[in-house]
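Got the viewer open? Switch to cartoon view and follow along, one selection at a time.

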Amino acid sequence: MARIIPVLDLDRLEQGASERRTFLFDLRTAARDVGFFYLSGHGISQPDIDAVLDAARSFFVLPEADKLAIEMAKSPQFRGYTRSGGELTKGKADWREQLDIGVERATLPQGPDVPAWTRLQGPNQWPAALPDLKPLLLAWQAKATEVAIRLLQAFALSLDQPEDAFDPIYRGEPNHRMKIVRYPGRDATGDDQGVGAHKDGGFLTLLLQDENKGLQVEYDGSWVDVDPIPRTLVVNIGELLELASNGYLRATVHRVVTPPAGVERISVPFFFSARLDATIPLLDLPEELAAEARGPASDPDNPLFRNVGTNVLKSRLRSHPDVARRHYADLLEKAAAAG
């Protein structure tokens, strides 16, 4: 049986014109067909991979008080620690604990005419008990960003666009974000929802998994396992590429199933997106591709917006109602008043 989730080698981009064309075709096909693929040849070393997984394990074994000292509820930027069951997908608890890290930037001045999504820019929270975590995770962000940009340029070429087609909407201040995540075993959770079924909202997600299973992708009406393959990252496209390609490329629904009793799963997802102030363009696709573009799939209960900041804030408010109540009460009141 053919592998449903293909393995693509990024090194093929540099192996001559013929191999480059074949890689771009394979990339576009994988993104359109299933929306997920394994990426080898990404250039991140095994010691770097081992170091970030070890750092994640070191964080999660900290005393609960150390983790709660940087609880996400304290951050208007939705940065920091979330205990297991503290994040929601479609209103239901996700059984994972995690630390959310974004881009380290200064907060923006606020005022009555300033868009609410500008509150998303600001600093991270770091555990005082683990000072080595900050430089290590920021270094991982930098490495993952380099891979994501190479892939995004390849996606532009695969759609017969200039290589720099997306540069104007991410260059300078891309809104990337990452998590370190621990999924406890089934004996320590409320049910088997590690993360509920969802799509990712950015351009691309690059996922580092440990050796334990759990990730599944919806394909042709069934759930397909995306089991770990050593030395690869799992890549999936997000809703911004779906919007830009008018639905030619599709963000794919996926979920994580809680590990068996006595097993924990560590993962490190990295979400590469556009600047918060960007508006996603509609690419002028070649006629043969445009004819196959079905328009972006928009859930009436979770609409897509071309304004990146609006999209990101919408997603964060839905996923973390405790942060929303504490730091965005004005928006909740306004929404309630509007009915």
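A word on terms before we start: two strands count as paired here if DSSP finds at least two bridges between them. Keep in mind, too, that this is a predicted model.

**Stop 1: the sheet.** Select the eight strands that make up an open sheet, and walk across it in the order E1-E2-E12-E9-E14-E7-E6-E3. The pairing is mixed. At the edges you'll find E1 (7-9) and E3 (80-82); each has a single partner strand, so one side of each has no neighbour in the sheet. Look at how the strands twist: on average, neighbours are turned by 25° against each other, direction ignored.

**Stop 2: E6 and E7.** Now pick residues 97-102 (E6) and 177-183 (E7), an antiparallel pair held over six bridges. Click on Gly-102 and look across to E7, where its bridge partner is Arg-177.

**Stop 3: the helix on the sheet.** Add H2, residues 46-60, which packs on the sheet. This helix touches E3, E6, E7, E9 (204-209) and E14 (265-272), and its direction makes about 115° with that of E14.

**Stop 4: Asn-124.** Next, go to the loop between E6 and H4 (133-158) and select Asn-124. Buried or exposed, would you say, for Asn-124? Its relative accessible area is 9%, and the cut-off for buried is under 20%, so Asn-124 is buried.

Turn on side chains to see what surrounds Asn-124. Its side chain makes a polar contact of 2.9 Å with that of Arg-79. Back at Gly-102, the backbone nitrogen lies 2.7 Å from a polar atom of the Asn-124 side chain. Beyond its neighbours within four places in sequence, Asn-124 also has contacts that include Asp-100, Ile-101, Val-103 and Glu-104.

Terms used. Residues numbered from 1 in each chain as written. Predicted model: local features only at pLDDT ≥ 70, side-chain atom pairs only at ≥ 80, totals over all residues. Heavy atoms only, no water. Helix = DSSP H or I, 4+ residues; strand = E, 2+ residues; numbered from the N terminus. Axes fitted to C-alpha atoms, helices over the stretch in contact; angles between N-to-C directions. Contact = heavy atoms within 4.5 Å. Buried < 20%, exposed > 50% of the residue type's maximum accessible area, 1.4 Å probe, protein only. Polar contact = N/O pair within 3.5 Å; in protein donor to acceptor, adjacent residues only side chain to side chain.
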